Structures are given as C-alpha cells and as structure tokens.
Amino acid sequence: MTIIGRSHAAHLEQVEAPGAMLTTSAAKALAVLRVSTGLVFLWAFLDKTFGFGYATPAAKAWINGGSPTKGFLASVEAGPLQGFFHTIAGNPVADWGFMLGMLGIGLALVLGIGLRVAAVAATAMMALMWLAEWPLAQGSSNPLIDYHVIYAIGAVTLALTYAGHTWGLGRWWAKLPLVQKNRWLI
C-alpha cells in the first residue's frame, strides 16, 4: 500500500498492525496496558482532587484547600535537587502543573489520543518524581529502575506502537485535519 506524498512513518499510522511482529493479540495487550496506565494517572488525579482516603485523606484534598505537591515535595530528604523541591512544595504553579499533567496524561492514555505528547509529558513528570525520591540514596529498593522509569518507558512504548488505534480513538484522532498538519500530536 503506497500513499503518495506521505512519509513511511505516516504510512505506518494507517496500517492495521505496523511491523511484522505486532500481532492482534499484541495490539490488544498494548491497549490493556495503555488503558490501565492511564487509569493509574487518572486515579492519582481524582484521589488528590477529592481525597477518597487512599493516598489522600479528605481533609487534604485539593478541593478542600490541600496541596497535591506539598506533602511529597516537602518530604524530599536526599538528592541534589532537595532544596529546589522544598522551594516549590505547595506552590500553586507546581500544584496546577502536577494536577493538569496527571489529568492530561491519564485522559490521553485512556482515550488513545495524543500519545506522543502524553509520552513526553509522562517521561518528564516521572523523571522529576524519580529525582525527588532520589533512589540512588542508600536504602532504596532499586537505585536505577523503579516504577517511575517503568511508567516512562511504558508511555513511550505505547506512543511508538500506536496503541491508541486498538480500543481507543487513535485512528479517528490521526485523521483530524489539525493532527494531519501537526503529526507530533498523534
């Protein structure tokens, strides 16, 4: 199948299963990974917003005047960026950025749209959280590869495999004129 005026990558965006190794079962598994990873981000957003009592008690919910970043960032105890994280802990800009990031990443993954942007945002957010927890310090369970790294790798993998095309809105999204003109929005 040749599409005139399109790059090879744009062609792959329209193929049922890009690459010889991606089977239907693999595409479905990636869709499950995409949705479940998106729900992790959405759950964190909802719990911090409304304080369901899991990670965030109701009294510390964002809608009740709590700060989604203060507790975590104020308790940073190691690493070269400890002072920076203490400075931004509870800052409204940090709170809004963190919450909008979790909401946007979660929605993009669940819906299967904007996965390239979501992958970049998730990688940046997870890198900052990795630095805040500073797993290189003694007593860490794993000094290099922890759940932050896995979430970042997962988000990038989902974007690169067009995981939004299976059980998501990825195909529809890719056909929108705005996305056709700005392929980085895929």
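Mentor: Let's begin with Trp167, found in the loop between H7 and H8. Keep in mind that this is a predicted model.

Trainee: Why is Trp167 called exposed?

Mentor: The relative accessible area of Trp167 is 56%. Exposed means over 50%, so Trp167 is rightly called exposed.

Trainee: What is notable about the phi of Trp167?

Mentor: Phi of Trp167 is near 55°, which is a positive value in a residue other than glycine. Tyr162 has a positive phi too, of about 55°, although Tyr162 is not a glycine. Tyr162 lies in the loop between H7 and helix H8 (170-175).

Trainee: Is Tyr162 buried or exposed, and why?

Mentor: Tyr162 has a relative accessible area of 11%. Buried means under 20%, so Tyr162 is buried.

Trainee: Let's step back to the whole chain. What makes up its secondary structure?

Mentor: The protein chain has nine helices and zero strands. Following the sequence, the pattern reads α-α-α-α-α-α-α-α-α.

Trainee: How much of the protein chain counts as buried?

Mentor: Buried residues are 37% of the 186 in the protein chain. The accessible surface comes to about 10500 Å², and 70% of that belongs to carbon and sulfur atoms. As for contacts in the protein chain with a separation of 6 or more, 61% come from residues 24 or more positions apart.

Trainee: Now H2. Why does its span agree with the expected one?

Mentor: H2 has 27 residues, which at 1.5 Å a residue should span 39 Å. The end C-alpha atoms of H2 are 38 Å apart, so the two values agree.

Trainee: And H5, why does its span agree?

Mentor: The 20 residues of H5 should span 28 Å, and its end C-alpha atoms are 28 Å apart, so H5 agrees as well.

Trainee: Which residues of H2 are buried, and what do they pack against?

Mentor: Among the buried residues of H2 are Leu30, Arg34, Gly38, Phe41, Leu42 and Phe45. The buried residues of H2 pack against helix H5 (92-111), helix H6 (115-133) and helix H7 (147-160). An α-helix has 3.6 residues a turn, so residues three or four places apart point the same way.

Trainee: What do the buried residues of H5 pack against?

Mentor: The buried residues of H5 pack against H2, H3, helix H4 (82-88), H6 and H7. Buried residues of H5 include Phe98, Met102, Gly106, Ala108 and Leu109.

Trainee: Gly38 lies in helix H2. Why is Gly38 given the class that it has?

Mentor: Its relative accessible area is 0%, and buried means under 20%, so Gly38 is buried.

Trainee: Which residues does Gly38 touch?

Mentor: Leaving out residues up to four places away in sequence, Gly38 touches Gly106, Leu109 and Val110. Gly38 and Ala108 are 70 residues apart in sequence, yet 7.3 Å apart in space, C-alpha to C-alpha.

Trainee: Turning to helix H4, where Ile88 lies: why is Ile88 called partly exposed?

Mentor: Ile88 has a relative accessible area of 22%. Buried would need under 20% and exposed over 50%, so Ile88 falls in between and is partly exposed. Apart from neighbours within four places in sequence, Ile88 is in contact with Thr69, Leu73 and Ala94.

Trainee: Which residues form the nonpolar patch on the surface?

Mentor: The patch is formed by Trp43, Leu46, Phe50, Phe52, Tyr54 and Ile63, with about 650 Å² of accessible area together.

Trainee: What makes Phe52 suitable for such a patch, and why?

Mentor: Phe52 has a relative accessible area of 43%, which makes it partly exposed. Patch residues need over 30%, so Phe52 passes that cut-off. Phe52 lies in the loop between helix H2 (24-50) and helix H3 (70-74). H2 is followed by Gly51, whose phi is positive, near 60°.

Trainee: Which residues form one aromatic cluster?

Mentor: Trp43, Phe50, Phe52 and Tyr54 do. The count of aromatic pairs comes to nine. One of them is Trp172 and Trp173.

Trainee: Why is the pair of Trp172 and Trp173 called tilted?

Mentor: The centres are 6.4 Å apart, and a pair needs them within 6.5 Å. The planes are at 55°, neither under 30 degrees nor over 60, so the pair is tilted.

Technical notes. Residues are numbered from 1 along each chain as its sequence is written. This is a predicted model: local features need pLDDT of at least 70, side-chain atom pairs count only at pLDDT 80 or more; totals for chains, interfaces and linings use all residues. Side-chain values use heavy atoms; hydrogens and water are left out. Patches are made of residues with over 30% relative accessible area and no salt bridge: like charges are joined within 9 Å, nonpolar side chains (Val, Leu, Ile, Met, Phe, Trp, Tyr) within 5 Å. Accessible areas come from the Shrake-Rupley method with a 1.4 Å probe; for residues, only the protein chains shown count as cover. A salt bridge is a side-chain nitrogen of Lys or Arg within 4 Å of a carboxyl oxygen of Asp or Glu. Helices (H or I, at least four residues) and strands (E, at least two) are DSSP runs, numbered from the N terminus. Buried means under 20% relative accessible area, exposed over 50%, partly exposed in between (1.4 Å probe, protein chains only). Contact means heavy atoms within 4.5 Å. The expected span of a helix is 1.5 Å times one less than its number of residues. Rings of Phe, Tyr and Trp (its six-membered ring) pair if their centres lie within 6.5 Å; planes under 30 degrees apart count as stacked, over 60 as edge-to-face and the rest as tilted.
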